[in-house]
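The following account leads from the overall dimensions of a protein chain to its central sheet and the helices. The reader may wish to keep the model in view throughout.

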Amino acid sequence: MCLSDFRGASEHVSAVPKMIQAEDPDFIFYCGGSMKGEKRLLEYETARRFHSKPDLESPAIRQEIEQDTEHLQKFLLALADSQKIVYAVPGYNDAPEALYFKTIYNYAHIYPNLRPAHEMMHREDQFMVAGFGGDMTLSEDNREFVLQYSRTWVEFALRRLEYFPGEKILLFHSPPVCRLDLAENGHCGVLLINELIESVSPKLVLCGRATSGQGTVKLGGSVVVNPGPFFQGHYVIIDYPSLDVQFKNIKSL
């Protein structure tokens, strides 16, 4: 099972146990996007436009961070309580980085089935799972207002991928450049992900963020899947190793 972009849709939290019970997946892959982060994103983009310093300590932003922390906690707990193995990466708006990782690592200490995948590699019987969340850019890094990582950082974090034998599943928040990368404000595909796919030939690539990019596409020998946003109820069931894909919505449960 794969899902992405919860974005604080509290009305869907209660549907998570029912969804997981109905589908009974072996693994849950979550491509990030738990927080709304709207005020932080606006502050960041405005500061960049006017070449000023963004203010993380404004009362409105501090309040939004508190609310987003609750969204993140509730959704991670809903997934972890299933006792299914959950692999997760952070989304573009899941900032500040320290808050996200402190939360997920604390829960992973209590729930060993919750496995943070960002910059990590995990071995399963049939495949290896590796992940990288947030956005990727040529040179810019940001950890406070959005999660944005430079090409140099990404390449260093995932440099060992090519040495792992066997089949690989890669988990990203951002999509590669393809027809699955259409978001609200245009295309959000990352060419570096295309390059990674070409160099390490994963069997399956899972991504999110592109809210209008639900679907599957084949890049080389790899199948890429965007489940569509979970804040609209979308998720996907993937049979492995056949890679038969079924797009579903919690409204049909």
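In this predicted model, leucine 219 stands opposite serine 222 in β14. That pair belongs to the ladder between β13 and strand β14 (residues 222–226), which run antiparallel and are joined by five bridges. Before the sheet is followed further, the chain as a whole deserves description.

The protein chain contains six helices and 16 strands. Its C-alpha trace spans about 50 × 40 × 35 Å along the principal axes. A compact globule of 253 residues would have a radius of gyration near 18 Å, and the 17 Å of the protein chain agrees with this. Of the 253 residues, 58% count as buried. Among contacts with a separation of 6 or more, 68% are between residues 24 or more positions apart. The accessible surface comes to about 11,600 Å², and carbon and sulfur atoms account for 50% of this surface.

The ladder described at the outset lies in an open sheet of six strands, ordered β5-β6-β9-β12-β14-β13, in which the pairing is mixed. Strands β5 (121–123) and β13 (215–219) occupy the edges; each has a single partner strand, so one side of each is left without a neighbour in the sheet. Neighbouring strands of this sheet are turned by 20° against each other on average, direction ignored.

Strand β9 (168–172) is flanked by β6 and β12 in the order of the sheet. Strand β6 (residues 128–132) pairs with β9 in the parallel sense over five bridges, and in this pairing phenylalanine 132 stands opposite phenylalanine 172 of β9. Towards β12, β9 forms three bridges, and these two strands also run parallel. Here leucine 170 has valine 205 in β12 as its bridge partner.

How many of the residues of β9 are buried? Five of its five residues are buried. In a regular strand the side chains alternate between the two faces of the sheet. In β9, Lys168, Leu170 and Phe172 lie on one side and Ile169 and Leu171 on the other, and all are buried, so that both faces of the strand are covered.

Helix α6 (residues 191–200) packs on the sheet and touches β9, β12 (204–206), β13 and β14. The direction of α6 makes about 170° with that of β9. The buried residues of α6 are Leu192, Ile193, Asn194, Leu196, Ile197 and Val200. An α-helix has 3.6 residues a turn, so residues three or four places apart point the same way. The cover over the buried residues of α6 includes β7 (135–137) and α5 (151–157), together with β9, β12, β13 and β14. Just after α6, serine 201 takes a positive phi of about 50°.

A further packing arrangement involves two other helices. Two packed helices are described by the angle between their axes and the distance between the axes. For helix α2 (residues 38–50) and helix α3 (residues 59–80), the angle is about 140° and the axes are 8 Å apart. Angles over 145 degrees would count as roughly antiparallel; α2 and α3 are therefore oblique to each other. The contact is made by Glu38, Lys39, Arg40 and Glu43 of α2 and by Ala60, Ile61, Glu64, Ile65 and Asp68 of α3.

Terms used: Residues are numbered from 1 along each chain as its sequence is written. This is a predicted model: local features need pLDDT of at least 70, side-chain atom pairs count only at pLDDT 80 or more; totals for chains, interfaces and linings use all residues. Side-chain values use heavy atoms; hydrogens and water are left out. Two strands pair if DSSP finds at least two bridges between them. Helices (H or I, at least four residues) and strands (E, at least two) are DSSP runs, numbered from the N terminus. Axes are lines fitted to C-alpha atoms, for helices over the stretch in contact, and angles run from 0 to 180 degrees between N-to-C directions. Contact means heavy atoms within 4.5 Å. The radius of gyration is taken over C-alpha atoms; the globule rule is 2.2 Å times the number of residues to the power 0.38. Buried means under 20% relative accessible area, exposed over 50%, partly exposed in between (1.4 Å probe, protein chains only). Accessible areas come from the Shrake-Rupley method with a 1.4 Å probe; for residues, only the protein chains shown count as cover. Angles under 35 degrees count as roughly parallel, over 145 as roughly antiparallel, 65 to 115 as roughly perpendicular and the rest as oblique.
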